[in-house]
Amino acid sequence: MKRKHVHNPWGGFFFVLPSILAIAVFVYGMIGWTLKLSFSHRTNAWSKDNSFAGLSNYTGLLEDPEFTHAFGNLMKFTVVFMIGTLISGLIMSLLLEKGIKGEGLFRSIYLYPMAISFIAMGTSWRWLMDSAHDDKATGLNMVLRAAHLGILQNDWYSSEKGSMYAMALPAIWQMSGYVMALFLAGFRGIPDDLREAARVDGASETKIYRHILFPQLKPTFLTVLIILGHISMKVFDLIYGIASKSYVTKVLAIYLWQVIFDFQNFAKGSAIAMVILVIIAVVVIPYLRYVNKSEEMK
Amino acid sequence: MRLNKLRMAAVVTAVAVVATVMPASQAATNKQLEIFTWWASGGEAAGLKGMTDVFVKANPNTPFVNATVAGAAGVNAKGVLVSRMAAGNPPDTFQAHAGQELSGYVKAGQVEDLTFLYKSEGWNKIFPAGLVKQLTTGGKIYSVPVNIHRANVLWWNPAAAKKAGITAAPKTLDEMLVDMAKFKAVGIDGIALAGNGDWAIAHLFDVVLLGSMGSAKYNGLWTGKTSWRGPDVKKAVDYMAKILAYGNSSKSLDWPDAGKLVTGGKAGFFIMGDWASSQWQSDGLKLETDYTWAPAPNNVDAGPVYMWLSDSFTLPKGAVNRDAGIAWLKVCGSLAGQDSFNPLKGSIAVRTDSDAKKYDSYLQAAMKEWKTDVLVGSTVHGVNYNNAGMAAYDSAVGKFYTGGAKDKTGLIASLVAALAASKA
């Protein structure tokens with residue numbers, strides 16, 4: 001008496017309909033509305049003019065030094081954050097992968113920063129990365145002095161040129177554990193037979209990693225890159241928590257906030273939002289296509 | 001029996017209907033008062049409570065709903081408020097700095113003209129004429145100021161000054177530079193700087209502009225009468241660069257932390273609004289012994305100048321409880337309201353008939369000067385520029401500061417852009 005066929009093929013559809021509707025309205029509908037605003041004349045608090053303004057809001061961004069500054073800051077941050085997190089996450093996972101004693105404890109310790117709210121973390125790192133020098137030093141500068149590395153003291157995120165590199169530090173600190181967990185899962189997913197076979201064939205440990213394990217980690221590696229990339233593009237709360245709206249650490253999301261809520265220039269703010277969306281799409285869409293393809297192959 | 005029951009039911013129903021309709025007819029405009037502020041802690045919250053008590057006593061049937069959003073200078077509150085105003089869901093009254101900061105809402109037609117209240121409550125006569133003039137745009141006034149803060153105050157620590165051999169407050173910017181060198185010579189930073197979020201540095205720049213060019217030219221900057229590209233601004237920027245060089249090496253302090261450098265004897269001068277005084281008093285410090293003050297140095301003006309800013313309340317168009325909003329504004333402008341709010345907030349009343357005995361010695365001195373000084377507005381706190389202009393101004397000065405005060409032409413170009421942003 002087992003029913004093998006669903007009699008009403010629409011039944012399943014009706015079950016998912018609410019979430020389809022919600023996504024259609026609150027994700028794609030809102031993106032559409034933002035897109036429309038970004039081409040409109042609503043450039044101040046009192047304008048109700050939603051008519052088409054062409055590309056002027058976008059071309060205006062290119063001529064806006066504040067926007068190019070924020071864009072440059074975001075790129076610097078992204079590069080340092082992604083490379084730093086990848087390397088430190090990989091190293092931590094390599095150390096744990098060997099199966100040391102108390103692995104569970106270390107895993108929790110490394111993952112813990114993920115559980116801290118951005119604002120709490122931002123406040124702590126703001127104190128740590130205080131730019132006071134020498135006998136007035138606090139935080140990291142004080143630690144450097146105590147370690148007789150006083151020469152390395154610097155302005156951290158308050159410095160003119162290095163601000164974004166310093167800003168990447170807390171982000172790396174927070175996300176490394178997560179990347180470690182992803183890599184660790186990747187390592188654990190590789191059957192032991194492969195290593196044993198390699199060992200029997202006389203491969204050294206380095207060679208095993210280089211030619212057997214790392215190639216197997218390629219999908220994990222790609223996932224990590226995408227996750228870090230889109231987190232980085234959207235970064236807001238961490239930077240706001242540390243430096244609020246300071247010019248020196250302004251990134252696109254902070255500038256977007258300022259343009260919408262301080263300037264009430266809704267059209268320009270929407271244009272910045274679309275730019276952020278496009279940057280993220282450029283990163284994420286090829287990845288989704290890749291994932292779909294590899295799943296089809298399975 | 002049956003008839004009696006029916007009669008009973010009729011009476012009960014009638015009573016019930018009357019009971020629900022009676023308050024409902026009042027409730028149409030007076031059901032509650034929803035007020036939107038960013039006063040959430042310390043003296044600000046205490047002052048608001050004082051004013052609220054006055055309101056509740058006068059309007060016992062109107063529940064008071066406080067939609068506070070915490071965050072200094074209203075950074076978070078403004079975000080929430082903009083969303084609500086744009087969505088056509090305004091609170092019954094909201095807090096904003098008096099002046100150009102409101103111009104966006106005014107041009108959007110989102111706030112009501114309050115000239116009628118100024119007439120009926122007699123505020124035209126009881127508020128200083130100079131202030132009423134600065135609040136009026138196109139013959140209309142859109143907010144009721146509850147307090148006056150002074151922005152151009154120079155604070156220092158008497159013990160540290162003694163150590164450096166400084167006996168009197170500097171009268172001009174050049175004297176101030178000399179004194180800062182004296183502080184530096186005894187191992188004290190010349191001036192305390194609060195770099196976090198740019199605004200406190202921009203606040204200092206406001207005061208340096210005023211001190212370097214005088215009140216007349218300073219007032220012309222915001223209208224375009226004084227050129228930003230002219231020699232007066234260049235001179236002020238030179239002073240600014242020299243002053244910044246004496247600052248603390250920690251570039252990311254909030255103003256309370258920068259203030260602690262001064263009260264703790266680690267920095268010499270501090271240019272900050274007079275809310276610093278109430279903050280320090282709540283920390284248990286004593287005026288005259290732990291810290292003292294003078295009007296900020298001024299090279300040009302003959303008499304003292306008062307750089308003011310003011311917190312004010314508005315009446316949004318389309319507010320659900322308009323009557324309650326008006327009742328609140330009446331409390332804001334009243335003697336009882338202002339004198340219960342200001343001593344706790346650490347500001348002075350706008351009204352000229354306020355009771356000086358309720359205020360501390362700094363505020364009493366400020367009250368005297370408020371009545372006689374030349375008045376100029378604070379840019380960073382909403383008087384001279386709209387929101388876009390203000391943000392651009394803060395950014396320009398913040399960029400100059402983190403760049404080591406080297407790019408003077410870049411600063412001036414950004415300041416020109418800030419004026420344009422405010423006019424746009």
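Okay, one definition before anything else: when I say contact, I mean heavy atoms within 4.5 Å. With that in hand, and keeping in mind that this is a predicted model, let's look at chain A. Take the contacts in chain A between residues at least 6 apart in sequence: 65% of them join residues at least 24 apart.

So what is chain A built from? Helices: the count is 13 helices and zero strands. If you walk along the sequence, you just read α-α-α-α-α-α-α-α-α-α-α-α-α.

Now the overall dimensions. The radius of gyration of chain A is 24 Å, whereas a compact globule of 298 residues would have one near 19 Å. Along the principal axes, the C-alpha atoms of chain A fill a box of roughly 80 × 75 × 30 Å.

On burial, 42% of the 298 residues in chain A are buried. The accessible surface of chain A is about 16,600 Å², and carbon and sulfur atoms account for 69% of that. As for charges, chain A carries 27 positive and 20 negative ones, and their mean positions lie 7 Å apart.

Right, over to chain B, where I want to show you strand 6, residues 153–156. Which way do its side chains go? Val153(B) and Trp155(B) point one way, Leu154(B) and Trp156(B) point the other way, and all of these are buried.

Strand 6 of chain B has a couple of partners to look at. With strand 9 of chain B, residues 292–295, strand 6 pairs in the antiparallel sense over four bridges. In that pairing, Trp156(B) has Thr292(B) in strand 9 as its bridge partner. With strand 8 of chain B, residues 267–271, strand 6 again pairs in the antiparallel sense, this time over three bridges. There, Phe270(B) in strand 8 is what stands opposite Trp155(B).

Last stop is helix 12 of chain B, residues 255–263. Its buried residues are Trp255(B), Ala258(B), Gly259(B), Leu261(B), Val262(B) and Thr263(B). And what covers them? The cover includes our strand 6 and strand 8 of chain B, along with helix 10 (199–221) and helix 13 (275–282) of chain B. So strand 8 of chain B turns up twice in this talk: paired with strand 6, and as part of the cover over helix 12.

One backbone detail while you have helix 12 of chain B on screen. After the helix comes Gly265(B), and its phi is positive, near 80°.

That's what I had, happy to rotate the model if anyone wants another look.

How values were computed. Residues are numbered from 1 along each chain as its sequence is written. Chains are lettered from A and ligands numbered from 1 in the order in which they are written. This is a predicted model: local features need pLDDT of at least 70, side-chain atom pairs count only at pLDDT 80 or more; totals for chains, interfaces and linings use all residues. Side-chain values use heavy atoms; hydrogens and water are left out. Buried means under 20% relative accessible area, exposed over 50%, partly exposed in between (1.4 Å probe, protein chains only). Helices (H or I, at least four residues) and strands (E, at least two) are DSSP runs, numbered from the N terminus. Two strands pair if DSSP finds at least two bridges between them. The radius of gyration is taken over C-alpha atoms; the globule rule is 2.2 Å times the number of residues to the power 0.38. Accessible areas come from the Shrake-Rupley method with a 1.4 Å probe; for residues, only the protein chains shown count as cover. Lys and Arg count as positive and Asp and Glu as negative; His and the chain ends are not counted. The place of a charge is taken as NZ of Lys, CZ of Arg, CG of Asp or CD of Glu.
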